Amino acid sequence: MRLYVENQYLHSPSSAEFVENQLKILLETFPRSGQVEWLGIRPQKHGAIEVVREVEVSEKKGLLGDHYSGRSGNRHVTLIQAEHLPVVAALTGRESLDPALLRRNLVIGGLNLLALKDHQIQIGDAVILEITGQCHPCSRMETNLGPGGYNAMRGHGGLTARVVRGGSIHLNDPVTVLKTDQTGTERLTNS
C-alpha cells in the first residue's frame, strides 16, 4: 500500500504504523460540533410523527414514547442530516421538506453524519449514542414524497444508533463526536 503524506510516498514497514495513526487522526477529526435542529417521535407504527422540543432517552428502551421503544438496540434512534433535507426536496421537486415526512427522530445540522460510522456522539450534557448503521429509506417514502421518493432518499436516509447513556435530548442541544484514546475508551472533545 502506498499513501502520499506530506510530499512523500510511504511504503516501508516502519511507515505503516505512521500511516495507520495518520488515518485514524483523519477519521476522528471533525471541523465543528453539530446541533439538534428537530425532534420527532412516532408513537404508533405508521402513525403521525409527533414533533417535540425534548425527549427522554433510555439505554434499554431508546426514545421513550416512540413505537420502536424497547425494540432492537441497534435502532433505538434514527438521525438524518439537516443539510440533506434541501437535497431531497430538490430531487422531489419541492421548495422545502418537512422532516416529519421522512420519519426520522432527530435532524442534526453542522455535522457530516455519514462520517460517523463506528463513532459515538454526545448530545447535550448526558446522552451518548453509538452509530450502528445507515437508515435506508422504506417504501413509505413513495407515499410521503410522491413517485420517486424512495430513490430520492437513497444515500440521504440518515443513520441508526443505539443508546449508550440515557438522559434528555432537547432542541438545539450540541452534538459532539467522541474520540477514542489509546486505551480504547471514549473521551469528549470539542473538535
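## N105 and its surroundings

N105 sits in the loop that runs between α2 (85-91) and β8 (106-109). The model is predicted. N105 has 0% relative accessibility, so it counts as buried. Its side chain makes a polar contact of 3.4 Å with the side chain of R42.

Neighbours within four places in sequence aside, N105 is in contact with W38, L39, G40, I41 and R42. The same residue also contacts L63, D66, H76, V77 and T78.

## Salt bridges

The whole structure holds three salt bridges. One joins R42 to D66, with the closest N and O atoms 3.2 Å apart. This pair links distant parts of the chain. R42 is in the loop between β3 and β4 (50-51), D66 is in the loop between β6 and β7, and 24 residues separate them. R42 counts as buried because its relative accessibility is 3%. D66 counts as buried too, at 5% relative accessibility. Both R42 and D66 appear among the contacts of N105.

A salt bridge also forms between R162 and E130, where the closest N and O atoms are 2.7 Å apart. R162 belongs to strand β11 and E130 to strand β10, so the pair ties together parts that are 32 residues apart in sequence. R162 is partly exposed, with a relative accessible area of 31%. E130 is partly exposed as well, at 25%. The side chains of K117 and D118 meet in a salt bridge of 3.5 Å, N to O. Both of these residues are exposed.

## Nonpolar cores

The largest nonpolar core has 26 residues. L79, L106, L116, I121, I123, L129 and I169 touch the most other members. Several strands each supply at least two residues of this core, including β3 (34-41), β5 (54-58), β7 (77-81) and β8. Also among them are β9 (120-123), β10 (127-134), β11 (159-165) and β13 (174-180). Another core, of 15 residues, lies apart from the largest one. L85, V107, M141 and A152 are among its members.

I121 shows the contacts of one residue in the largest core. Leaving aside neighbours within four places in sequence, I121 is in contact with L79, L116, V127, I128, L129 and I131. V175, T176, V177 and L178 are also in contact with I121.

## V55 in strand β5

V55 has its place in strand β5. With a relative accessible area of 6%, V55 is buried. Residues up to four places away in sequence are not counted here: V55 touches L39, I41, L63, L64, G167, S168 and I169. V55 and D66 are eleven residues apart in sequence, and their C-alpha atoms are 9.6 Å apart in space.

## G73 in a loop

G73 is in the loop between β6 (62-63) and β7. At 30% relative accessibility, G73 counts as partly exposed. Beyond its neighbours within four places in sequence, G73 is in contact with A161 and R162. That R162 is the partner of E130 in a salt bridge. G73 and E59 lie 14 residues apart in sequence, with 8.4 Å from C-alpha to C-alpha.

## A surface patch

L23, L26 and L27 form a nonpolar patch on the surface. Together they have about 310 Å² of accessible area. L23 lies in helix α1 (residues 13-28). L23 counts as partly exposed, at 43% relative accessibility.

Key:
Residues are numbered from 1 along each chain as its sequence is written. This is a predicted model: local features need pLDDT of at least 70, side-chain atom pairs count only at pLDDT 80 or more; totals for chains, interfaces and linings use all residues. Side-chain values use heavy atoms; hydrogens and water are left out. Helices (H or I, at least four residues) and strands (E, at least two) are DSSP runs, numbered from the N terminus. Buried means under 20% relative accessible area, exposed over 50%, partly exposed in between (1.4 Å probe, protein chains only). A polar contact is a pair of N or O atoms within 3.5 Å; within protein, one must be able to donate a hydrogen and the other to accept it, and residues adjacent in sequence count only if both atoms are side-chain atoms. Contact means heavy atoms within 4.5 Å. A nonpolar core is a set of buried Ala, Val, Leu, Ile, Met, Phe, Trp, Tyr and Cys residues joined through side-chain atoms within 4.5 Å. Patches are made of residues with over 30% relative accessible area and no salt bridge: like charges are joined within 9 Å, nonpolar side chains (Val, Leu, Ile, Met, Phe, Trp, Tyr) within 5 Å. Accessible areas come from the Shrake-Rupley method with a 1.4 Å probe; for residues, only the protein chains shown count as cover. A salt bridge is a side-chain nitrogen of Lys or Arg within 4 Å of a carboxyl oxygen of Asp or Glu.
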